[in-house]
Every structure is written in structure tokens, then in C-alpha cells.
Amino acid sequence: MKTRIYVTLKSGVLDPQGKAIHHALEGLGFSGVEDVRQGKYIELEHGEGVSDADLDAMCRKLLANTVIENYRIERG
Amino acid sequence: MKSAVIVFPGSNCDRDLAVAIEEVTGRAPTMLWHRETELPDGVDLVAVPGGFSYGDYLRSGAMAARSPVMNAVVRAAERGVPILGVCNGFQILTEAGLLPGALMRNAGLSFVCRPVALTVENSQSIFTNRYDAGEAITIPVAHHDGNYTADAETLDRLEGEGRVAFRYAEQVNGSARGIAGIVNGAGNVLGMMPHPERMIGPEHGGSDGRRLFEGLLEAVA
């Protein structure tokens, strides 16, 4: 099974990398982009025995820093 | 003073810290591999060094904070043992939950490596008792992820409780309220991005970092 985990910065947390990407897009002449936020995408390959609770614990304990980040789990 | 320096895969400031501690205290620290589960008996100081533990993969300090030795460090912190985290060590202490907030990518997106001017905000802690409150000192930084972030309530609490130990006197990395170093509520855990171990004598260009170790030695003696 494949589970996709998306880790994103909480709204309100300044994202310097997203800002740099935004500037670069403007530099390339793309207008109309109002904001850019950068996150992480983590793909897990696992057996059926891995529960939703396990996946949630993985996110809380290691994959996301919940002080600054949110996470979203898409079970495959 | 009996001390221990934790060694993680990828740490590269562990020896700098050990040399500084030995030079100031006269006793070499125990170098403790991250897979150890116990600290040396009667340890007076645990130092968590700088330098890209686990290659900064996932997030700076994220994997080091979950290594076996950190359980022992957290227990020691709860017993009141002084814990010093420098640079990646500061990142590890926040990831381990010993200090609030998080360290993000520098606002300028550059790796910053140079001596910086700091203001000592609190001279009452075991780490800062050899400084004067409001004193200007210079200690080098070398980091890519030193942008201290916490919610406004946490920042207000840190300021209100006098837990900001050092503040940048100049803009360095975008840190909230210019915070360069903080202590925990009990005052026995300090995390700071600048490297005091790199400023312990004239050959380093100054000794402003040395007083941190001297103050600790005095506090635990």
C-alpha cells in the first residue's frame, strides 16, 4: 500500500522559501500569482497492518513539527 | 565539573565544544554516542553540539531529537541537570520539546557564517551569570536554519519570564523579536544559535563565549 503525506507550514508562519519561489516566478514574467507556500511530500510504502493511528503517530512524532507545520494523510 | 557531549551522525562541532569545555573546566567531557541510553552518573552538564545531525534531512534536528540518548537527556533536564544546546543543538532541543518554538530557514535564505553582535538579556541564569544584563558581546554564528519562530503568546511568555538569554543586536536570520537564545522555565536548559565554543580566547578573536562556560562551572561547583 502507498500512503501520501503532505506537510505544509501553518498559515501565519512566514515561509522564506515560498517567498523566494514567488519572486523567481515573477522574475520569469508570470504575473497573477498571489502567494507561494512550500511544503513536503512524503510517500510511504507499507503493508495493510499499518493503521490510521500508526500513520497519524508517525506524523506527530517525526514527519511534521506541529509547532509550525500541518500534515495531511492520503491513504492509498 | 563532569560533563558529556552528545555525538550524533553528522555533528561536526562536538569536538569544538569538548575542547572549550576541557579548556575552561580542566576536565575533558565524556563523548556520548547517540545510541547510548544512559548519561554518565553524576553528570553536571550535557552539551548538545552544532553541525548537521542526520544531514539536516527532514528538518534540522528532527531525527536527532528522536535518538535513544535524547530520552536520557530529557529525563536529566527534568531532574534539573544543566543542558546546553548550540546551533543544531538548539534545533534538537526545540524538536525534543525541551524548549518552545522552532528554528526555520533563515529569512534571507543564505547560510550566515560570521561573528555577530549580541545583547545579553538576562544575566541571572546559570549560563549567563558572568555577563551583565544589557551587555554587548560578540559570538560567531554559522547556520542556515536559525530563524526562531514561535506564536505570539509563547514569545510574550518568554519575554515576560526573562527567558530570552541572548538577542541579536543586528538583523541576522529573521528570528522573531531577534531572539538568539532562550532558556526553559526552570532555567537549566539553554538553546542558542551562536557558538560560544568558538570564542573562548584571543586566538579565536575574543573570549565572550568563554564566560558562558566559566559561569556554568561556577554555578555547578
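In what follows, Lys and Arg count as positive and Asp and Glu as negative, while His and the chain ends are left out of the tally. On that basis chain B, which is seen here in a predicted model, carries 18 positive and 26 negative side chains, and the centres of these two sets lie 4 Å apart.

The fold behind these charges is built from 5 helices and 11 strands in chain B. The radius of gyration of chain B is 15 Å, close to the 17 Å that the globule rule gives for 221 residues, so the chain is as compact as a globular protein of that length. Taken along the principal axes, the box filled by the C-alpha atoms of chain B is roughly 40 × 35 × 35 Å.

Contacts and accessibility add to this picture of the chain. Among contacts in chain B between residues at least 6 apart in sequence, 73% join residues that are at least 24 apart. Of the 221 residues, 58% count as buried, and the area that chain B exposes comes to about 8,300 Å², of which carbon and sulfur atoms supply 47%.

The cysteines can be considered last. A search of the whole structure finds 0 disulfides over all chains. Cys13(B) is accordingly in no disulfide, and the cysteine sulfur nearest to its own, that of Cys87(B), is 6.4 Å away, whereas a disulfide would need a pair of cysteine sulfur atoms within 2.5 Å. Cys13(B) counts as buried at 2% relative accessibility, and Cys87(B) is likewise buried, with a relative accessible area of 6%.

Conventions. Residues are numbered from 1 along each chain as its sequence is written. Chains are lettered from A and ligands numbered from 1 in the order in which they are written. This is a predicted model: local features need pLDDT of at least 70, side-chain atom pairs count only at pLDDT 80 or more; totals for chains, interfaces and linings use all residues. Side-chain values use heavy atoms; hydrogens and water are left out. Helices (H or I, at least four residues) and strands (E, at least two) are DSSP runs, numbered from the N terminus. The radius of gyration is taken over C-alpha atoms; the globule rule is 2.2 Å times the number of residues to the power 0.38. Buried means under 20% relative accessible area, exposed over 50%, partly exposed in between (1.4 Å probe, protein chains only). Contact means heavy atoms within 4.5 Å. Accessible areas come from the Shrake-Rupley method with a 1.4 Å probe; for residues, only the protein chains shown count as cover. The place of a charge is taken as NZ of Lys, CZ of Arg, CG of Asp or CD of Glu.
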